[in-house]
Amino acid sequence: MSYPTKGLSIVDFCWVFCCPPFPRSITEKIAFMPPLPTYEVAPTQSETIQYAFHLSPDYDTSGLRKVIQQEVRVVKTTLDSDVVVLYVKGTTKTKFTILYSHGNAVDVGLIHRLCVDLSQMTGCDVVTYDYSGYGQSSGKPSERNMFADIKAAWDYTLAFHEPDPRMVILYGHSLGAVATIDLASKVDCAGVILQAPFSSSFQVVCPNRKWFSWLDTLKRY
């Protein structure tokens with residue numbers, strides 16, 4: 001016999017679905033579960049490098065030795081969050097730039113090595129960012145903030161690295177697919193990659209209880 005709480009403890013289930021029992025609150029608790037920050041950003045005295053990126057030694061730092069060039073900035077969104085954006089160049093010969101939106105329960109520090117490897121394997125520059133409330137980005141995780149976050153990262157990409165939007169590929173993993181699709185519906189880009197997207201955040205937690213989906217307020221396309 002399976003239960004709707006499969007994968008969740010009773011305490012977790014009560015916190016998600018009962019405190020408070022409102023659809024939007026429930027959806028955002030399921031969709032947004034930021035980890036403890038795995039990196040720090042610190043202002044510098046340099047005129048060319050605004051922020052230094054310090055990755056925690058408790059996590060995979062091998063990407064720092066492989067990267068050719070990287071830049072970290074803190075950009076302001078239209079909803080007043082300060083969002084961390086990371087640019088990575090893993091190879092000297094690049095044509096496209098990938099704007100990568102990560103999944104849930106990770107931050108820029110945890111995916112740093114992934115972004116370097118992605119750059120080297122594809123021959124593309126990679127720009128990634130943390131959603132509001134993730135890593136060192138300010139604000140609260142929410143669907144509305146997430147859409148503003150990716151737009152700020154998109155604007156940064158065009159302003160500092162690739163002025164031609166038709167040379168930017170949007171790549172979204174899991175939760176990041178939601179942000180990616182929303183932005184792709186509004187801008188002209190080179191292409192879209194969706195890795196492990198989901199149709200309902202409720203079915204991620206309760207895959208055998210499709211009747212939960214009517215509560216899901218996360219935007220679907």
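# A guided tour, starting at V74

Begin by selecting V74 and whatever lies around this residue. With neighbours within four places in sequence set aside, V74 is in contact with V41, Y51, D82, V83 and V84. The model on display is a predicted one. V74 belongs to strand β3, and with a relative accessible area of 29% the residue is partly exposed. Next, add A152 to the selection. A152 and V74 are 78 residues apart along the chain, and 9.9 Å separates their C-alpha atoms.

## The whole chain

Now return to a view of the entire chain. Colouring by secondary structure should bring out seven helices and eight strands. The chain has 221 residues, and 48% of them count as buried. Its accessible surface comes to about 11,000 Å², with 57% of that area belonging to carbon and sulfur atoms. How do the contacts spread along the sequence? Taking the contacts between residues at least 6 apart in sequence, 61% join residues at least 24 apart.

## From β3 into the following loop

Select residues 69-76, which form β3, and residues 82-89, which form β4; the loop between these two strands holds D80. D80 is not a glycine, yet this residue has a positive phi of about 75 degrees. Is D80 buried or exposed? With a relative accessible area of 55%, D80 is exposed, since the cut-off for that class is over 50%.

## Helix α3 and the loop before it

Move next to the loop between β2 (51-55) and α3, where D58 has its place. D58 counts as exposed, at 66% relative accessibility. Select Y39 together with D58: these residues are 19 apart in sequence, and their C-alpha atoms are 9.9 Å apart in space.

Continue into helix α3 itself, residues 62-66, and select S62, which is found in this helix. S62 is buried, and its relative accessible area is 12%. From the C-alpha atom of S62, draw a distance to that of V116: the separation is 9.5 Å, while the two residues stand 54 apart along the chain.

L64 is also found in helix α3. In contrast to S62, which is buried, L64 counts as partly exposed, at 35% relative accessibility. Which residues are in contact with L64, leaving aside its neighbours within four places in sequence? They are F53, L55, Q70 and H112. H54 may be added for a further distance: H54 and L64 are ten residues apart in sequence, with 9.8 Å between their C-alpha atoms.

## Helix α4 and its two flanks

Before entering α4, stop in the loop between β5 (97-101) and α4, where A105 lies. A105 is a residue other than glycine, but its phi is positive, near 65 degrees. A105 counts as partly exposed, at 41% relative accessibility.

Then select residues 112-122, which make up helix α4; the buried residues of this helix are H112, C115, V116, D117, L118 and S119. Two of these names have appeared on the tour already: H112 is in contact with L64, and V116 was paired with S62 for a C-alpha distance. Just after α4 comes G123, with a positive phi of about 70 degrees.

## The crossing of α5 and α6

For the last stop, display two helices together: α5, residues 143-160, and α6, residues 175-184. Two packed helices are described by the distance between their axes and the angle between those axes. Here the axes come within 9 Å and cross at roughly 65 degrees. The helices α5 and α6 are therefore roughly perpendicular to each other, and their crossing is right-handed. To see the contact, show the side chains of M146, F147, I150, K151 and W154 on α5, and select L175, V178, A179, T180, D182 and L183 on α6. The residues of this contact divide into eight nonpolar, one polar and two charged.

Finally, keep α6 selected and show the rest of the chain around this helix. Which residues of α6 are buried? They are L175, G176, A177, V178, A179, T180, D182 and L183. Because eight of the ten residues of α6 are buried, this helix is largely enclosed by the rest of the structure.

Methods
Residues are numbered from 1 along each chain as its sequence is written. This is a predicted model: local features need pLDDT of at least 70, side-chain atom pairs count only at pLDDT 80 or more; totals for chains, interfaces and linings use all residues. Side-chain values use heavy atoms; hydrogens and water are left out. Helices (H or I, at least four residues) and strands (E, at least two) are DSSP runs, numbered from the N terminus. Buried means under 20% relative accessible area, exposed over 50%, partly exposed in between (1.4 Å probe, protein chains only). Contact means heavy atoms within 4.5 Å. Accessible areas come from the Shrake-Rupley method with a 1.4 Å probe; for residues, only the protein chains shown count as cover. Axes are lines fitted to C-alpha atoms, for helices over the stretch in contact, and angles run from 0 to 180 degrees between N-to-C directions. Angles under 35 degrees count as roughly parallel, over 145 as roughly antiparallel, 65 to 115 as roughly perpendicular and the rest as oblique. A crossing is left-handed if the near helix is turned anticlockwise from the far one by less than a right angle, and right-handed if clockwise. Ala, Val, Leu, Ile, Met, Phe, Trp, Tyr, Cys and Pro count as nonpolar, Asp, Glu, Lys and Arg as charged, and the others, Gly among them, as polar.
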